[in-house]
Every structure is written in structure tokens, then in C-alpha cells.
Amino acid sequence: MTTLPIRLLVHQARYDLLGMMRNRQARFFTLILPLLFLVIFVGVFGNHTVGPEHVKASTYYVPGLTALAIISGSFVNLVISVTAQRESGVLKRRRATPVPAWVIIGGRVLTAIVVSVVVSAVLLAVGRVAYGVQLPTSSIPGVAVTIIAGSATFCVLGYALSTTIGSADAAQPTVQAIMLPLYFISGVFIPNPNLPQWLQDVARAFPVQHLASALHHAYDPAAHGAGFVWSDLGMLAAWAAVGLVVALRRFAWAPTAAPA
Amino acid sequence: MTTSETLSPAPIPTAQPAGGAEPVIAVRGLRKRYADLEAVCGVDLEVHRGEIFAFLGPNGAGKTTVVEILEGFRERSEGEVTVLGADPARAGGAWRDRVGVVLQESSPEPGLTVRECLELYAGYYRAPRPIDETIALVGLTGKADTAGEALSGGQRRRLDVALALVGDPELIFLDEPTTGFDPSARRTAWDVVAGLRDLGKTVFLTTHYMDEAERLADRIAVIVAGEIVACGTPATLGGRDRMAARIRFTPPAGAGPLPAALAPLAETGAGGAVTLASEAPLAHVGTLADWAFRGGFDLPDLDVRRPTLEEVYLALTTSDRKDRS
């Protein structure tokens with residue numbers, strides 16, 4: 001292909017996106033589930049004030065569940081699909097073509113970013129129409145950067161985790177076993193100051209807390225500035241760096257098989 | 001080793017002069033060692049432009065290892081390997097642009113239709129083939145808008161072949177392309193592979209089916225325990241053309257002793273059936289006919305057969321490889 005490499009990246013992402021949108025499981029976990037949780041949690045809390053910022057439940061849960069949607073669209077989907085593609089020979093077959101490795105890997109990341117941005121916008125739109133949630137206009141750049149950075153970070157972490165999962169069957173339970181407890185202690189499902197201090201400390205070590213917290217701050221109507229929370233973005237970047245090292249050192253195109 | 005240049009019907013223009021054409025695949029002294037095992041012990045191979053070359057061997061004989069080294073998926077321990085003028089272990093995108101690979105097992109691209117799978121792959125190549133034409137080539141035109149994952153096993157395999165062809169490669173690796181097919185799907189797949197020869201492609205085929213090799217291949221190599229034990233055309237592999245034919249018949253009761261010329265060749269089996277291992281089947285059948293005619297009896301189950309490729313293969317892969325050619 002004589003076109004620019006970036007066009008090849010977009011080409012790859014286009015078909016990855018098409019494949020992902022047609023996957024019922026991906027649609028459910030990335031789009032339907034966060035919306036369902038929004039309705040349930042706002043219902044449970046009666047849209048009273050919650051959380052450290054003392055905002056309405058809806059204003060609390062739109063950013064929190066945006067974090068959930070980003071993680072589903074990036075990390076969860078990626079681990080499940082990459083493990084399955086490795087096992088079913090799809091990755092190896094792509095490897096047998098002239099397409100550069102970074103296009104295959106980057107195309108998947110680009111797909112996740114697009115999905116994250118779209119799902120975040122849907123959550124915001126629903127929150128706004130149904131519950132009157134307002135995103136401070138000044139925060140939009142920060143929110144946008146946080147969504148993109150969060151999505152990219154969780155993609156890299158997904159690639160890193162996929163190197164440790166032996167079979168496609170193990171992918172779904174593994175990602176859920178990692179993410180469900182983190183959602184609970186990181187302020188995605190329950191406002192996190194209600195938790196004992198040691199659990200809060202545990203949460204602070206992991207990236208979920210920092211993605212949720214960065215989004216919570218940006219959505220806080222009392223917040224000022226452009227919505228960037230540098231400490232949280234820094235933690236995400238640190239996790240991304242660790243994930244990148246693991247992924248680059250261990251990534252495999254085919255299951256490691258015995259020689260024949 | 002005889003070349004099959006006279007057999008390949010589709011001469012295609014190359015930079016090389018026809019006589020001294022460089023082989024598409026040249027392997028010399030290839031060895032692959034794993035920790036405690038030498039899987040490939042000194043393999044030499046040459047595959048010429050435009051031929052269908054079948055690579056046979058029992059499981060665990062080193063077949064997959066050799067194929068994966070040729071495809072650039074595995075490093076070798078020793079030896080020279082040249083595929084399309086380059087070392088596959090170091091070749092990059094420009095080389096991959098000229099090579100198509102059909103893996104032993106690979107699923108369709110998740111969520112995409114047949115046409116979309118091909119569109120995705122066409123985007124990887126410098127000068128792809130037209131998509132609808134490629135779909136037609138493998139006989140999937142009616143399934144172009146069907147999800148790849150909804151295809152039958154045979155159709156998926158044909159999609160795999162289409163994906164390997166869409167870049168218009170010069171050389172195609174087909175790893176057990178018809179395993180698990182029903183007989184009619186196998187015949188369709190054979191037509192597709194034979195069609196590749198008409199396009200002037202070079203095909204490197206591995207298979208477990210002797211009828212497949214016999215039907216498709218210009219030349220066959222057999223690997224056993226990491227070594228090539230025979231290489232030749234389907235008709236001459238392992239000295240098949242020089243091997244004894246088998247003449248079988250059941251003499252009626254009271255037929256008397258066999259003619260003296262045939263007695264030393266005979267073996268009597270169950271139900272009194274006699275089998276002759278014959279190097280001169282025409283003369284021996286003549287002698288038999290004479291014998292029966294004079295005795296006034298018939299030999300209604302008389303059967304004369306050349307060794308099948310399968311018998312040659314089994315002899316090569318089970319006995320102590322005596323017949324190297």
C-alpha cells in the first residue's frame with residue numbers, strides 16, 4: 001500500500017470498530033451496562049447529594065460510569081478479543097501479511113479511544129436529558145484528554161494482561177476478577193470516602209481510582225480550571241509505562257505451542 | 001532431482017532467463033534444534049516457479065517446523081534458506097507482500113463479512129487483486145455478504161485461501177488446506193488450488209492426503225524424522241515407477257500347481273487368494289492367461305495393480321528409509 005502509514009492505521013481501526021460494534025457482548029458491557037448502572041444508582045440514591053464533592057448522585061455517577069465504560073471499551077474488550085484472536089490464529093494470519101505490527105496494535109487502541117469518546121458522550125447526553133447533569137464548559141478539554149489518556153492506558157494494560165492469559169476461556173473471568181473489586185473500591189459504584197482508610201489506600205495504587213477521580217473532578221460544578229487533574233493523569237501515565245514495558249517484552253502473535 | 005519445468009503449463013515472465021531461473025525456495029543443510037531434540041536434521045529442498053510442491057510427512061516429522069521456517073515464523077539453527085531471493089527470518093513487509101500464507105488453523109476476522117475480511121486484508125498490500133474477483137476465485141460469491149463466522153468449515157477454509165490470495169502473491173503456502181473436509185468440499189478446494197497453477201503461482205502444500213498430493217502436486221517431498229527420505233513426481237516418488245506391481249487372483253479348486261515361472265513370486269493368502277509381486281506384469285498376466293486357458297478354467301477376480309502413492313508413502317514412512325531418490 002503506497003498510502004501514508006496513518007491511513008493504514010485508520011483502515012485497521014475502521015474494521016476493528018466494525019467488528020466490535022457487531023459483537024453483542026462488547027455492546028452490552030461497553031454501552032448498555034453503564035447506562036443501566038446510571039439509572040439504577042441514581043434510583044438507589046434518589047439523586048440526593050453523594051460523594052466527597054457533595055454533588056447530586058447523577059452528577060457523581062455520570063463520570064464514574066464513564067470510567068467504567070472506558071475500561072470496558074478498552075481493557076475488557078481488548079483482553080477478551082486479543083486473547084481470542086491469538087488463539088484462533090487471526091493474529092498470526094495478520095502477521096503473515098505486510099501490515100506492520102504497530103498498525104495492528106495501534107488500530108485496536110484507536111478503536112478503543114473512539115468507542116470511549118462516543119460512549120462518554122452518550123452517558124453525558126443521557127445524564128443531561130434525564131437528570132440535568134451539566135459538564136462545566138471550561139472542563140471539556142480536561143475531560144477529553146482524560147478520556148483519551150485513560151482509554152490508551154487501559155489498552156496498554158490490556159495488551160500487558162493478555163500476555164499472561166493462556167486461553168480465550170480464561171479471559172472474561174480474569175478481567176472481571178480484576179476489575180469488579182477495583183470498581184467497588186475506586187468510587188465507580190460507591191463513593192469512595194465511605195470506605196475504610198486501608199481500602200482507599202489500596203484503591204489509590206491502581207489506575208481505576210485515578211481515572212474515576214480525574215473525571216469526578218472535571219464534572220464537579222464547583223471545580224475551576226480546564227478539568228485537568230495532573231496527579232491522576234500522572235498515575236495513569238505511570239501505569240501505562242509499566243504496561244507498555246510488559247506488553248513489548250511479552251506480546252505474542254500465536255499461542256506458545258510445543259514444537260512439532 | 002528432476003525439475004518439473006516441463007510440467008508447469010503456465011510460464012510467467014520473470015527477470016531471470018528461463019533456463020537458469022532461480023528457484024522460488026532454496027533450502028540447503030537446514031537444521032533446527034530444540035532443547036533436547038533435533039527436529040530438522042539437514043534438509044535440502046528446491047521449489048521452482050509455477051509448480052505445486054507437496055510436502056508430506058507424519059505428525060512430528062518436522063514438517064511444521066520446516067514450513068514455519070520458510071514462512072518466516074520460526075528461526076533456524078543452521079543452514080541456508082532463501083525464499084523469493086530473501087532470508088525469511090530477516091525479510092520484512094516488501095517480502096510479505098509477495099507471499100501468501102494459509103495457516104493450518106485460523107478463524108475469520110471477528111464480526112466481518114467475507115467481503116469486509118477481504119477489504120481489510122487488501123488494504124495491507126501494495127497491489128491487491130480485485131476483491132470480487134478473488135471471492136469468485138474461491139467460489140464464495142454467493143456468500144460475500146455473509147459473516148465469516150457463519151460460514152461452514154469448508155467455506156472458512158476457502159475464505160482463508162482468498163485472504164492469502166488478495167495480495168496477489170507469487171508464492172502461497174497451504175498448510176493442510178482440506179483437513180476435515182467432506183469429499184465434495186475437498187474436490188472444490190482442489191479446483192481452487194489447481195486454479196492457482198493456472199495463475200502462475202508457486203504453491204507449497206502440506207497435506208496428509210495422498211490422493212490430494214497425487215491430484216495436485218507436480219513434485220512431492222517426504223520428510224521423516226527430520227530428514228527428506230524421498231523427492232520426486234507423484235509417478236516416480238520413492239521409485240514407485242520401478243516398484244513391483246501386484247497381481248492377485250484365486251485359482252479354482254483343481255487348477256493344479258502354478259506355472260514354474262510364477263511360483264517363486266507367489267504368496268497364498270486367506271481363502272486361497274494368490275498374490276504375485278511382479279516386475280513384468282504384462283508378461284506374467286500372459287503366462288497366467290495361458291495357464292488358465294490350457295486348464296480350461298477362469299480367473300474371475302484377476303486384479304493387476306501398481307502400488308498406490310499411499311503404499312509408497314507408508315513404505316517410506318514406516319520402514320527404514322531404504323529408497324532414497
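Guide: Before we start, one definition: two strands pair if DSSP finds at least two bridges between them. Also, keep in mind that this is a predicted model.

Visitor: How many bridges join E5(B) to strand E6 of chain B?
Guide: E5(B) covers residues 99–102, while E6(B) covers residues 171–175, and these strands run parallel. Pairing takes at least two bridges. Here the number joining E5(B) to E6(B) is 4.

Visitor: Which residue in E6(B) is the bridge partner of Gly100(B)?
Guide: Start one residue earlier, where Val99(B) stands opposite Leu171(B) in E6(B). Now step along to Gly100(B), and its bridge partner in E6(B) is Ile172(B).

Visitor: Are the residues Val99(B), Gly100(B), Val101(B) and Val102(B) of E5(B) buried or exposed?
Guide: Val99(B) and Val101(B) point one way from the strand, and Gly100(B) and Val102(B) point the other way. A residue needs 20 or more other C-beta atoms within 10 Å to count as buried. Whichever way they point, all of them are buried.

Visitor: Which strands stand at the edges of the sheet in chain B?
Guide: The sheet is open, with mixed pairing, and its 6 strands come in the order E5-E6-E7-E3-E8-E9 (chain B). Two of them have a single partner strand each, so one side of each is left without a neighbour in the sheet. Those edge strands are E5(B) and E9(B).

Visitor: By how many degrees are neighbouring strands of this sheet turned against each other on average?
Guide: Take the sheet with the order E5-E6-E7-E3-E8-E9 (chain B). Ignoring direction, the average turn between neighbouring strands is 15 degrees.

Visitor: At about what angle does helix H6 of chain B run to E7(B)?
Guide: H6(B) spans residues 183–198 and lies across E3, E6 and E7 of chain B. Its angle to E7(B) is about 150 degrees.

Visitor: Is Glu176(B) buried or exposed?
Guide: You'll find Glu176(B) in the loop between E6 and H6 of chain B. It has a positive phi of about 45 degrees although it is not a glycine. Around Glu176(B) there are 20 other C-beta atoms within 10 Å, and 20 or more is what the label requires. So Glu176(B) is buried.

Visitor: What does Ala225(B) count as, given its C-beta neighbours inside 10 Å?
Guide: Ala225(B) sits in the loop between E8 and E9 of chain B, and its phi, near 50 degrees, is positive too. Buried takes 20 or more neighbours and exposed takes 12 or fewer. With 16, Ala225(B) counts as partly exposed.

Visitor: Let's hop to chain A. How many helices and strands does chain A have?
Guide: From the N terminus on, the elements run α-α-β-β-α-α-α-α-α-α-α-α. Sort that string by type and you get 10 helices and 2 strands.

Visitor: What is the radius of gyration of chain A?
Guide: For 260 residues, the globule rule gives 18 Å. Chain A comes close to that, so it is as compact as a globular protein of that length. Its radius of gyration is 19 Å.

Visitor: Is H5(A) parallel, perpendicular or oblique to H6(A)?
Guide: H5(A) (residues 101–131) and H6(A) (residues 140–162) pack with their axes 9 Å apart, at an angle of about 135 degrees. Their crossing is right-handed. Roughly perpendicular means 65 to 115 degrees, and roughly antiparallel means over 145. The angle falls between those ranges, so H5(A) is oblique.

Visitor: What is the separation of the C-alpha atoms of Asp169(A) and Ala84(A)?
Guide: Asp169(A) lies in helix H7 of chain A, and with 12 C-beta neighbours inside 10 Å it counts as exposed. Along the chain, Asp169(A) and Ala84(A) are 85 residues apart. Even so, their C-alpha atoms are separated by 8.3 Å.

Visitor: Which helix gives the largest share of the side of chain A that touches chain B?
Guide: The contact takes 23 residues from chain A and 28 residues from chain B. H1 and H4 of chain A each supply at least two residues of chain A's side. The largest share, 6 residues, comes from H1(A).

Visitor: How many of the 9 residues of helix H3 of chain B are buried?
Guide: The buried residues of H3(B) include Cys117(B) and Tyr121(B). They pack against H1 of chain A together with H4 and H5 of chain B. H3(B) is largely enclosed by the rest of the structure, because its number of buried residues is 7.

Methods. Residues numbered from 1 in each chain as written. Chains lettered and ligands numbered in written order. Predicted model: local features only at pLDDT ≥ 70, side-chain atom pairs only at ≥ 80, totals over all residues. Rg over C-alpha atoms; globule rule 2.2 N^0.38 Å. Axes fitted to C-alpha atoms, helices over the stretch in contact; angles between N-to-C directions. Contact = placed C-beta atoms within 7 Å. Parallel < 35°, antiparallel > 145°, perpendicular 65-115°, else oblique. Left-handed = near helix turned anticlockwise from the far one by under 90°.
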